[in-house]
Amino acid sequence: MTTTMKAAQISQPSGDWELVERVIPEPRAGQVRVKVEACGICHSDVFVKEGLWPGLAYPRVPGHEIAGHIDAVGDNVRAWRQGQRVGVGWHGGHCFVCAQCRRGDFAMCVHRKVTGCDFDGGYAEYMLARAETLAAIPDALPAEEAGPFMCAGVTVYNALRHSGARAGEVVAVLGIGGLGHLGVQYARQMGFATVAINRGNDREPLARQLGAHYYIDSLATDVVTALQKLGGARVILATAPNAQAISALVDGLSASGILVVPAAPAEPLTINVMSLISGRRSVAGWYSGTARDSQDTLEFSALTGVHPMIETYPLHRVADAYEHMHSGRVRFRVVLTIEG
Ligand SMILES: [Zn+2]
Ligand SMILES: [Zn+2]
């Protein structure tokens, strides 16, 4: 076996992409080595590229939308075997001993690690992952589709299934992009009356194809009025990182409705608190999920035919791929494919 692998790394804040040869790492106790087949490029990879992640150590290989198979198994790993297809996502490990872990809420671990930020991720031929961060990939899912489910997918799937909305209630998705095009599909498949909201009408045919029962063009229509005509939204999943657009939506909620924000806009929200009080409404963030949540996402997606819309690039074109993702022209997720 060759002892080196190709990897794409960043060596300093705002540094260029470097394609390097690295020694293939050996799994330590509690870890497996994953032979990476595909790795999605997420907007959060900007944390590594621009040096925005606290405590970041360089050089760093980013990537937390990983799909591949187990290539080697370290000591004390009992539930996983060589050759198994696995995904690794944003959640890169937890401590098992803090107060949150003792309550079983591993995503909220105070010592949690993030794949591709706190340790090297999937922009490489191989990566190491802790066993508790592995999700089994169903046979029906190709690696390049499984990758984006490990961050974008699990985030919106988990946000929606924990939102409190019940079948038949109105769930609106703001923004038909990387997160939103998955949010519409999940909302439809979970049995919600699904509303897609986007600027302009060019994405209406796509939104309807993805399962939206209703489409609101926020340039042509007053979104709050349109939502209230439907009785108000029990849940609004705000995936467009636009503080002004998100803040305005509170009045489009039903009584006890929740505005869920899984991706942070640069500016603070400006919320009409009287509207929250009088309608007993709330605004909430959502944070990713654990490996089991990711596996639920993969299984639900395979079962119901939810697909990410992707554009693939080979690893050596990482610079072009990253640029394309940031251009906003991508429809809707960029995935690096790792040959060999
Ligand atoms: Zn991500
Ligand atoms: Zn913990």
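Biologist: Let's start with Leu160, which sits in helix α3 (residues 143–161). What makes a run a helix here?

Modeller: Helices are DSSP runs of H or I with at least four residues, strands are runs of E with at least two, and both are numbered from the N terminus. One caution early on: this is a predicted model, where local features need pLDDT of at least 70 and side-chain atom pairs count only at pLDDT 80 or more, while totals for chains, interfaces and linings use all residues. Residues are numbered from 1 along each chain as its sequence is written, chains are lettered from A and ligands numbered from 1 in the order in which they are written, and side-chain values use heavy atoms, with hydrogens and water left out.

Biologist: Thanks! Is Leu160 buried or exposed, and how do you know?

Modeller: Buried means under 20% relative accessible area, exposed means over 50%, and partly exposed is in between, using a 1.4 Å probe and protein chains only. Leu160 has 1% relative accessibility, so it counts as buried. The C-alpha atoms of Leu160 and Trp17 are separated by 35 Å, and the two residues are 143 apart along the chain.

Biologist: On to the metal. What makes Cys95, Cys98, Cys101 and Cys109 the protein donors of the zinc ion (ligand 2)?

Modeller: Donors are N, O and S atoms within 2.8 Å of the metal (3.2 Å for Na, K and Ca), and water is not among the atoms, so sites may look incomplete. The SG atoms of these four cysteines lie 2.3 to 2.4 Å from the zinc ion (ligand 2). Along the chain, the donors follow the spacing C-x2-C-x2-C-x7-C.

Biologist: Why is the arrangement around the zinc ion (ligand 2) called tetrahedral?

Modeller: Four donors count as tetrahedral if all angles lie between 85 and 135 degrees. The 4 donor atoms here subtend angles of 103 to 119°, so the arrangement is tetrahedral.

Biologist: Why is Cys101 called buried, and why is Cys95 called partly exposed?

Modeller: Cys101 has 5% relative accessibility, so it counts as buried. Cys95 has a relative accessible area of 22%, so it is partly exposed.

Biologist: How do you know that Cys39 has no bond to the closest cysteine sulfur?

Modeller: A disulfide is a pair of cysteine sulfur atoms within 2.5 Å. The closest cysteine sulfur to that of Cys39 is in Cys42, 9.7 Å away, so it is too far for a bond. The structure holds 0 disulfides. Cys39 has a relative accessible area of 0%, so it is buried.

Biologist: What is notable about the phi of Ser14 and Ser256?

Modeller: Ser14 is not a glycine, yet its phi is positive, about 65°; the same description holds for Ser256, again at about 65°. Ser14 lies in the loop between β1 (4–9) and β2 (18–23), whereas Ser256 is in strand β14 (residues 253–261). Ser14 has a relative accessible area of 46%, so it is partly exposed. Ser256 is partly exposed because its value is 25%.

Biologist: And which omega goes with the cis peptide bond from Tyr58 to Pro59?

Modeller: Omega is near -5° for that bond, and Pro59 is in the loop between α1 (46–49) and β4 (66–73). The peptide bond from Arg331 to Phe332 is also cis, with omega near -10°.

Terms used: Four donors count as tetrahedral if all angles lie between 85 and 135 degrees; four count as square planar and six as octahedral if opposite donors are over 155 degrees apart and all others between 65 and 115; anything else is irregular.
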